[in-house]
Each structure stands twice: as C-alpha cells, then as structure tokens.
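This report walks through one protein chain, from two loop residues to its helix packing. Keep the sequence and the structure open while reading.

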Amino acid sequence: MKTKSIISLFFVLAMTSAITSCAQKNDKKKSDKAIVIDYSKYSKAVFAAGCFWHEEALYDGMKGVVEAVSGYAGGDFANPGYEDVLTGNTGHAESVIVYYDSSQVTFPTLLKAYFEAQDPTSSDGQGYDRGPQYRSIAFYNNAEEKKEIEDYIAQLNASGKYDKAIAVQVVKLKKFYEAEAYHQDYVTKNPNSSYVQNVCIKEVKHFQKKFPELVKPDKFY
C-alpha cells in the first residue's frame, strides 16, 4: 500500500509540473520564421507577459496581425538562447514581436489585448511561470508609443479595475532576438499539451470571448 501511495504521489507531481511550466528544453536550432515574409512594410510592437507561447497565439489570432514571433528582449546579453534566458540572469524576458498592418489594427488596440490577457499587477511573472524572464514589459519604439503605454497604465490604475497598481515595465526596445524553432507556433503544434490546454488556451480564450470582434474568424479557440 505504501508503495502504491508513493507511485501515486510521483504521478500527481509529474502531471502538475507538465501543466504548470512553460519551461521546455529541446533543440537549439534558431528559428527562420521571421525571414519567410518581408516584414519591412509592416509596423512592429514587442510585448512580454509570462510565457511567450500564449502571447504568440493571442496576437497571431488578431485581425490585422501579419505574424507574431516568439523571442527574447529586455536584456543586454548578446544572442541569448532559451537555456540562457531560463536562468533569469540575462536580463531578457520571453517576448513576442508583432508585425501588423496599421491600417487594420492600431497600437492602442494591441495594447488593450496585451493588458487584458494577463494579470498586469503581477511583478515577477505570470501564474506558475515565475522569475525575471517571465516579467511583463511593454516595449516602445518611439516617444508616441511610450506615451500611449503610460497613458493606458494611468487609466487602468485610475479605473479601480485592479486591487494593486499596474506592475508592467515600460522599456525602450533595444534588440529583439528570435527564439528557437520549436518555440514558434507552439500552441498550434502542441494542442494536446497539458500546459497548452490549461494555461495558454485559457488565456487566449479569455481575451477572445471578451473581444470577439478583434479575432480572425478562423482563429477562435
């Protein structure tokens, strides 16, 4: 009986780890996703909010978004890989770069999606994904975007929607590094993953249910 209890406990712990962790080790091959399309004619925005898998899925599903690519931003460590960032010592956070058609979707609308699909008052990650590599950062490319982010945060703080102050960092984008190939389109490629089902899709569904008019018809979960 004691042996069965130990086995059962091990199984529960293993399942919990599978459901609650964004951390996955795999091949180190860099993604070539962002060179498939010429993105030079599109606007770009970079956001970090916990695990990049559901952030990528969220933005890929929005009208006006051409592509969302998972990667790393916010640190000074050159050419970081996933295992480097996972240590929490590089200064980078898991991020997504969003290439979008500004005639179809605006930066403020992308901001609305960003804040809605997370707990913006959490200062050291989201959910079970804790550490500086999972912190929330709204990056800006210019003074106009910086003001839009700061104004939006001020509105949220004044609205009384949250019990705590917004903890999202506002940071000028220096450099975005693409993540390894196996991280790209992770939600689409791994629909049966416990983490994808219980964390990623849950976050995306929350946003899509609240703002269905912003979602591509074929991208509803």
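D185 counts as partly exposed, because its relative accessibility is 26% and the partly exposed class lies between 20% and 50%. The model is predicted. D185 sits in the loop between β8 (177-178) and α6 (186-189). Its backbone stands out: phi of D185 is near 55°, a positive value in a residue other than glycine.

N79 has a positive phi too, near 50°, and is likewise not a glycine. N79 lies in the loop between β2 and α3 (82-86). Is N79 buried or exposed? N79 is exposed, with a relative accessible area of 60%.

**The chain overall**

The protein chain holds seven helices and eight strands. Of its 221 residues, 46% are buried. The chain exposes about 11,500 Å², and carbon and sulfur atoms supply 53% of that area. Contacts reach far along the sequence. Taking contacts between residues at least 6 apart in sequence, 79% join residues at least 24 apart.

E67 and I97 illustrate sequence separation. They are 30 residues apart in sequence, yet their C-alpha atoms are 8.3 Å apart in space. E67 belongs to strand β2 (residues 65-73). E67 is buried, because its relative accessible area is 15% and the cut-off for buried is under 20%.

**Helix α2**

How many of the nine residues of α2 are buried? Nine of the nine are, so α2 is largely enclosed by the rest of the structure. The buried set is F52, W53, H54, E55, E56, A57, L58, Y59 and D60. Charged side chains are thus listed alongside aromatic ones: E55, E56 and D60 are among the buried residues.

Helices α4 and α7 both pack on α2. The table gives these two pairs and the pairing of α4 with α5.

| Helix pair | Axis distance | Crossing angle |
|---|---|---|
| α2 (residues 52-60) and α4 (residues 107-116) | within 11 Å | roughly 140° |
| α2 and α7 (residues 194-210) | within 9 Å | roughly 40° |
| α4 and α5 (residues 143-159) | 11 Å | about 45° |

Start with α2 and α4. Their axes cross at roughly 140°, so the two helices are oblique to each other. The crossing is right-handed. From α2, the residues E55, L58 and Y59 meet L110, A113 and Y114 of α4. By class, this contact has five nonpolar residues, no polar residues and one charged residue.

Next comes α7. The axes of α2 and α7 cross at roughly 40°. That makes α2 oblique to α7. This crossing is right-handed. On the α2 side, W53, H54, A57 and L58 take part, and they meet Y195, C200, E203, V204 and F207 in α7. By class, the contact counts seven nonpolar residues, one polar and one charged.

L58 appears in both contacts of α2. L58 is in the group that meets α4, and L58 is also in the group that meets α7.

**Helices α4 and α5**

Which residues of α4 meet α5? They are F107, P108, L111, K112 and F115. Their partners in α5 are E145, E148, I149, Y152, I153 and L156. By class, the contact has eight nonpolar, no polar and three charged residues. The two helices pack at about 45° and are therefore oblique to each other. The crossing of α4 past α5 is right-handed.

Residue spacing helps in reading such lists. An α-helix has 3.6 residues a turn, so residues three or four places apart point the same way.

**E148 in detail**

E148 is found in helix α5. At 24% relative accessibility, E148 counts as partly exposed, because buried requires under 20%. Which residues does E148 contact, leaving aside its neighbours within four places in sequence? E148 is in contact with F107, P108 and L111. Each of these three is listed on the α4 side of the contact with α5. E148 and F107 are 41 residues apart along the chain, and their C-alpha atoms are separated by 8.5 Å.

How values were computed:
Residues are numbered from 1 along each chain as its sequence is written. This is a predicted model: local features need pLDDT of at least 70, side-chain atom pairs count only at pLDDT 80 or more; totals for chains, interfaces and linings use all residues. Side-chain values use heavy atoms; hydrogens and water are left out. Axes are lines fitted to C-alpha atoms, for helices over the stretch in contact, and angles run from 0 to 180 degrees between N-to-C directions. Helices (H or I, at least four residues) and strands (E, at least two) are DSSP runs, numbered from the N terminus. Angles under 35 degrees count as roughly parallel, over 145 as roughly antiparallel, 65 to 115 as roughly perpendicular and the rest as oblique. A crossing is left-handed if the near helix is turned anticlockwise from the far one by less than a right angle, and right-handed if clockwise. Contact means heavy atoms within 4.5 Å. Ala, Val, Leu, Ile, Met, Phe, Trp, Tyr, Cys and Pro count as nonpolar, Asp, Glu, Lys and Arg as charged, and the others, Gly among them, as polar. Buried means under 20% relative accessible area, exposed over 50%, partly exposed in between (1.4 Å probe, protein chains only). Accessible areas come from the Shrake-Rupley method with a 1.4 Å probe; for residues, only the protein chains shown count as cover.
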